Amino acid sequence: MERDRFIKPLRTIGAAATSLPAREFSPAEKERWRSVILGIYQKMRAKRRPYEIQCGDVCLTVLPNVYAPKFFTDSEWFAHQLPAIVGTGSLLEIGTGTGIIAIFCARNGAHVVATDINPDAVKNARINAARHHLNISVREGNLYEPIEPDEKFGFIFWAHPFNNWETPVQDMLLRSGMDYHYEGLKGYIAGAKKHLDHNGKLLLGTGDSADLKTIASLAKENGYSLKLLRETATSLEEEGNNMIKYLLYEFAPH
Ligand SMILES: C[S@@+](CC[C@H](N)C(=O)[O-])C[C@H]1O[C@@H](n2cnc3c(N)ncnc32)[C@H](O)[C@@H]1O
């Protein structure tokens, strides 16, 4: 299967929600999709010891309780897209997990600061950065909390939890996939301007199973349009029949 499909010229998506590549799930399909996602999380949770995964030519350690690129295919795709976009600029990656995306960018020459709310992910990303001799500052905290007020970046990126969840999520592993009323995403978009360089770019890694209508509204409320930079249609897991489209957006100021 062709995994990477690039779109040129880029499409800009404003308020017209009908042009979004969101999936129209029927209630039954939504229920089924959610049970597939929760099933994958169960497999991830079953890992009780650190383990190794191979992502392209990069070998990574994964600690238990950390979002693992082994189970969903999104991390590796985003990790392959971001270096060409960020180049040797500066990147703030929110929610770094194992550090896979930060590592792909740093080894391409970017200056990277990475954060995560999950203490196990912070520990994990530090292990992987050290393992690959990369100078990545990995910090623990909610969104921009661990960033100094005067720290600014050329790019800010988050492969965010796709699911706009109706109930509060305390569990750290599940918080990588479920965001209560998109509170995290709202803070991510609203807080970015303070930490972007003059021409800095706010990016988002998402999917067609996410609540793209709400994402487009949040973009608009904050003075942005969504510009689709890259997309691919692929399998949700390494093996299996569940398909997903991954989308890489830039929030383009009006
Ligand atoms: C979908 S996972 C992506 C992890 C990693 N970037 C990757 O692609 O494998 C989302 C990550 O965001 C983190 N996260 C969730 N809410 C957060 C928040 N409010 N602030 C910082 N990180 C958060 C999760 O712990 C998780 O590591």
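## Close-up views of a predicted model

Outside its own stretch of sequence, Ala-102 touches Glu-93, Thr-96, Val-112, Ala-114, Ala-125 and Ile-136, leaving out residues up to four places away. That list opens a tour of several close-ups, and please keep in mind that the model is a predicted one.

**View 1. Ala-102 and its surroundings in helix α3.** Let us stay with the residue we have just met. Ala-102 sits in helix α3. Is Ala-102 buried or exposed? Ala-102 counts as buried because 29 other C-beta atoms lie within 10 Å, and the cut-off for a buried residue is 20 or more. Look also for Asn-128: this residue is 26 places from Ala-102 in sequence, and the two C-alpha atoms are 10.0 Å apart in space.

**View 2. Val-112 and the largest nonpolar core.** The core holds 68 residues, and those that touch the most other members are Leu-91, Ile-101, Ala-102, Cys-105, Val-112 and Ile-156. Which element gives this core its largest share? Helix α3 does, with 7 residues. Now pick out Val-112 and see who is around this residue. Setting aside residues up to four places away in sequence, Val-112 touches Leu-91, Glu-93, Ala-102, Cys-105, Ala-106 and Ile-136. A general tendency is worth remembering here: in soluble globular proteins, nonpolar side chains tend to be buried together.

**View 3. Strands β4 and β5 side by side.** These two strands pair in the parallel sense, over 4 bridges. To find your place, start from Leu-91, which stands opposite Val-112 in β5. Strand β5 is largely enclosed by the rest of the structure, because 5 of its 6 residues are buried.

**View 4. Ile-94 in strand β4.** Follow strand β4 to Ile-94. How many C-beta neighbours does Ile-94 have inside 10 Å? There are 26, so Ile-94 counts as buried. Apart from neighbours within four places in sequence, Ile-94 is in contact with Thr-115, Leu-143, Ile-156, Trp-158 and Tyr-188. Gly-141 is 47 residues away from Ile-94 along the chain, yet their C-alpha atoms are separated by 9.5 Å.

**View 5. Strand β7 and its two partners, β4 and β10.** Strand β7 covers residues 153-158, and 5 of these 6 residues are buried, so the strand is largely enclosed by the rest of the structure. Its pairing with β4 is parallel and uses 4 bridges; here Glu-93 stands opposite Phe-157. Strand β10 (residues 196-207) also pairs with β7 in the parallel sense, over 3 bridges. Which residue of β10 is the bridge partner of Phe-155? The partner is Lys-201. As you trace a strand, recall that in a regular strand the side chains alternate between the two faces of the sheet.

**View 6. Helix α2 from end to end.** This helix runs through residues 74-86, which makes 13 residues. At 1.5 Å a residue, α2 should span 18 Å, and its end C-alpha atoms are indeed 18 Å apart, so the two values agree. The buried residues of α2 are Asp-74, Ser-75, Glu-76, Trp-77, Phe-78, Ala-79, Gln-81, Leu-82 and Val-86. Just after the helix comes Gly-87, with a positive phi near 55 degrees.

**View 7. The shell around the ligand.** Of the 23 residues around the ligand, the nearest are Ser-75, Gly-95, Gly-97, Ile-117 and Ser-176. Elements α2, α3 and β5 each supply at least two residues of this shell. What is the mix of residue kinds in the shell? The residues divide into 11 nonpolar, 10 polar and 2 charged.

**View 8. Three loop residues: His-133, Leu-143 and Lys-194.** His-133 lies in the loop between α4 and β6. Its phi is positive, near 55 degrees, although His-133 is not a glycine. With 8 C-beta neighbours inside 10 Å, His-133 counts as exposed. Leu-143 belongs to the loop between β6 and β7, and this residue too is a non-glycine with a positive phi, about 45 degrees. Leu-143 is buried, however, because 21 other C-beta atoms lie within 10 Å. Lys-194 is found in the loop between α5 and β10. Lys-194 is exposed, with 12 other C-beta atoms within 10 Å. Tyr-182 is 12 residues from Lys-194 along the chain, and their C-alpha atoms are separated by 20 Å.

Methods: Residues numbered from 1 in each chain as written. Predicted model: local features only at pLDDT ≥ 70, side-chain atom pairs only at ≥ 80, totals over all residues. Pairing = 2+ DSSP bridges. Expected span 1.5 Å × (residues − 1). Near = placed C-beta within 6 Å. Nonpolar A, V, L, I, M, F, W, Y, C, P; charged D, E, K, R; others polar. Core = buried A, V, L, I, M, F, W, Y, C linked by C-beta atoms within 7 Å. Contact = placed C-beta atoms within 7 Å.
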